[in-house]
Amino acid sequence: MGKIVIDNNRCKSCYICTMTCPKGLIKKSDKTNRLGDYMVEFDDKNSECIGCAMCAKRCPDMAIDVYR
Amino acid sequence: MQQIFSKPKSMKKDFRYTFCPGCDHGIAIRLIGEVIDELGVREEIISSTSVGCSVFLYDFLDIDAVEAPHGRALASATGVKRARPDKVVFTYSGDGDFASIGLAESMHTALRGENITAFCINNTTYGMTGGQLGPTTLMGQKTTTSPTGRNKDYYGYPIKIAEHIALCDGTAFSARVSLDTVANINKAKQAIKKAFQVQLEGKGFGFVEILSSCPTNWHMTPEEAHERVRNEMMPVFPLGVFKEI
Amino acid sequence: MTTEKVLIKGNYAIAQAAVNAGCQCYFGYPITPQTEIGEYLSGKMQELGRAYVCAESELGAINMVMGAVSTGVKAMTSSSSCAVALMQEALSYAASDELPVVLVNVMRTGPGLGYIYPAQGDYNQAVYGGGNGDYKIIVLAPSTVQECVDLTYRAFYLAQKYRNPVILLADGLLGQMMEPASFGEYPYPEVDVSGWALTGAKGREARKIYSVAPDEKKQIQHIYDLHKKFEVIAENETTYEEFNIDDAEIVLTAFGSMTRNIKAAMNVLRSKGIKAGCFRPVTLSPFPHNRISELALKGKDFAVVEMNMGQMFKDVKYAVDGKSKVDLINRPCGEWLSVEEIVAGVERVMQGGKAYAANI
């Protein structure tokens, strides 16, 4: 059982995390940031996240905190 | 629930990386920060960085730092270490900085076996100035100053930095790592730690070449850029440890 | 250390004075006519447990000095003319970073590789600098081996006191000449560097020494601050020597080792009934503009004697600002202008002739 918190002020919408999450729990959101890019959102309705931190390790902007 | 992944303590409290989206500099600096935390040496560090995107290191890490002109980080670091042998000294450069304009300084620092740790981000281009041909630009690679691609007759060949540094007798550790996958990021951190440890043990020069993507200047998405690191860079710049004593 | 006089070569005197001043690190690359400084220090520094590095180049050497002084220790490098040219980039950085770099330039002949004849052709290089941007360096010019000692002491002190690079501008003649000199004790107090030196961010905020300011307002303020600092340096540290100036009609003006010859020429001229005086800036930067200006307003003419094509001449003209006559007696390099040549030159200019390139 885990969860992540994405800091939208740090995130630059590179989408590396969306391709890294083994369970596909990070998705492009409909909302845009101040540069007009679609932000990412953590979508874990079925509590699948195990807090593996792979998304955070590959995030170039340290925008993801991981809890387990 | 407990927080199991957060920013290293060696990093400044409130900052936002000024690198382009998807740039690997952010990961490299975070790994250095994590290693500094694990070794508990933040208060003993004096770092030197010169010119290029790497110069921003000291906006993000909460450590003492002195700037050097382009290519001279290793000379500056030599001065720091000789003046204060008890301090932990490291440099952070790009490939142009370390292996083109600063090749003499870098190589001689390794040859002298200075107890210094050096990191070189190799992204096969001059990132800050907008993607020109650099010392590690791959054969065939198009840049703004090699519009038809690098060919040997016109531009010569790229340099394999980690292998050259490994040839120096004063080098205690030389490795090449990549940041394209979680597994490689984990290995990169181990190498970064080792490069600091040889300094702390007084064994000599510790060096890590870090293959990095530059999505902006390669005109690729961050994920495509990482594929390029794997498919085009790694065959020319193989990952591995080239020297360890 | 005693006040006893020893017969010593200028280069060795500079090196030993650096040791006495507490120079902890020397970084250098050989070039004639200053190589003895590095040779002397290589053994000495090892003996004292201090640092000596045979740098890979002058670029390496000056940047090592920058790294070392950023940690608060005293450090220096020495070189000569064409190799000092290589260091200009770092001097610009050091001035902007406010690093107390000490650089000894034992001048040889240029431009280009030139040769090892003594010359004074690096006045502009030292005073105006070859680095980029608006920066100023403190430049001290010794005229005797004793002054090589005294001004080396002063160079280390001023560098740390004002956090500004200092150049000791000697020449091949002084570097290779033996004269009696006494060392005494390092006469200046130790400067407290604890407020800025890099020692690791222990129990305090991390410090960054850098010149890059991607912010227009900060950059403008930084340049103003550097220049304000130099105004204070000019106010406090401008030094010069003058002899027989009160009744002088013509003031022979020179820097560095040419000072010796103008003093002798002044005596010959006086014996011939010409009221000659001598003026010699000890600090070439800050330059004693105000004093020269005062003397010019009193109607005194100037004859600038130097071993270059008129580099300090321009500064004297600028200070005189048309208030009196300024002439140049010079030779570009090689054998120093003799006392006879200077006397003949002065006589010619006093009669309205030109003494430009006295040997032509």
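This is a short talk on how three chains, A, B and C, fit together in one predicted model.

Let me begin with the contacts between chains. Two pairs of chains touch, and the pair with the most contacts is B and C. Chains A and C, on the other hand, share no contact, and their closest C-alpha atoms are 20 Å apart.

Taking the B–C pair, we find 30 residues of chain B in contact with 35 residues of chain C. On the chain B side, the elements that contribute two or more residues are β2, β3, α3 (73–83) and α5 (103–111), and α3(B) provides the largest share, with eight residues. If we sort that side of chain B by class, there are 14 nonpolar, five polar and eleven charged residues.

There is also strand pairing across this pair of chains, since β3(B) and β9(C) run parallel and are joined by two bridges. For those of you following in the viewer, B:Ala65 has C:Lys208 in β9(C) as its bridge partner.

That pairing belongs to a wider sheet, so which strands make it up, and in what order? It is an open sheet of eight strands with mixed pairing, and the order is β8(B)-β6(B)-β7(B)-β5(B)-β4(B)-β2(B)-β3(B)-β9(C). The edges are β8 (240–244) of chain B and β9 (208–209) of chain C, and because each of them has a single partner strand, one side of each lacks a neighbour in the sheet. Helix α8 of chain B, residues 182–200, packs on this sheet, where it touches β4 (88–94), β5 (117–122), β6 (171–178) and β7 (205–211) of chain B, and the direction of the helix makes about 165° with that of β6(B). Elsewhere in the sheet, strand β2 of chain B, residues 45–49, pairs with strand β3 of chain B, residues 64–67, in the parallel sense and over four bridges, and here B:Ser48 has B:Val66 as its bridge partner in β3(B).

Turning to the A–B pair, 22 residues of chain A are in contact with 21 residues of chain B. On the chain A side, two or more residues come from each of α1 (16–20), α2 (54–58) and β4 (64–67), with α2(A) giving the largest share, four residues. By class, that side of chain A holds eleven nonpolar, three polar and eight charged residues. Strands pair here as well, although in this case β4(A) and strand β1 of chain B, residues 3–5, run antiparallel, joined by two bridges, and A:Tyr67 has B:Gln3 as its bridge partner in β1(B).

Now to chain C, which is divided into domain 1 (5–192 + 224–236) and domain 2 (241–350). The centres of these two domains, taken over C-alpha atoms, are separated by 26 Å, and the contact between them takes 24 residues from domain 1 and 21 residues from domain 2. On the domain 1 side, at least two residues each are supplied by α6 (123–127), β6 (138–140), β7 (166–171), α8 (172–176) and α9 (216–237) of chain C, and α6(C) gives the most, with four residues. That side of domain 1 has 17 nonpolar, five polar and two charged residues.

This leads to the buried interior. In soluble globular proteins, nonpolar side chains tend to be buried together. In this model, the largest nonpolar core has 194 residues, and the members that touch the most others are C:Val65, C:Leu252 and C:Val346. Helix α7 of chain C, residues 145–162, gives the most to this core, with ten residues, and each of the two domains of chain C provides at least three. A second, separate core has 19 residues, among them A:Ile6, A:Leu25, A:Met62 and B:Phe5.

Beyond its neighbours within four places in sequence, C:Val65 is in contact with B:Gly79, C:Phe27, C:Ala75, C:Met76, C:Thr77 and C:Val101.

My last residue is C:Ile250, in strand β11 (residues 250–253) of chain C. Why is C:Ile250 classed as buried? It is buried because 21 other C-beta atoms lie within 10 Å, where the cut-off is 20 or more. Setting aside neighbours within four places in sequence, the contacts of C:Ile250 are C:Ala276, C:Asp301, C:Ala303, C:Val346 and C:Met350. Of these, C:Ala303 is 53 residues away along the chain, yet the two C-alpha atoms are separated by 6.9 Å.

Methods: Residues numbered from 1 in each chain as written. Chains lettered and ligands numbered in written order. Predicted model: local features only at pLDDT ≥ 70, side-chain atom pairs only at ≥ 80, totals over all residues. Core = buried A, V, L, I, M, F, W, Y, C linked by C-beta atoms within 7 Å. Buried ≥ 20, exposed ≤ 12 C-beta atoms within 10 Å, placed from the backbone. Domains from an automatic or database assignment. Contact = placed C-beta atoms within 7 Å. Nonpolar A, V, L, I, M, F, W, Y, C, P; charged D, E, K, R; others polar. Pairing = 2+ DSSP bridges. Axes fitted to C-alpha atoms, helices over the stretch in contact; angles between N-to-C directions.
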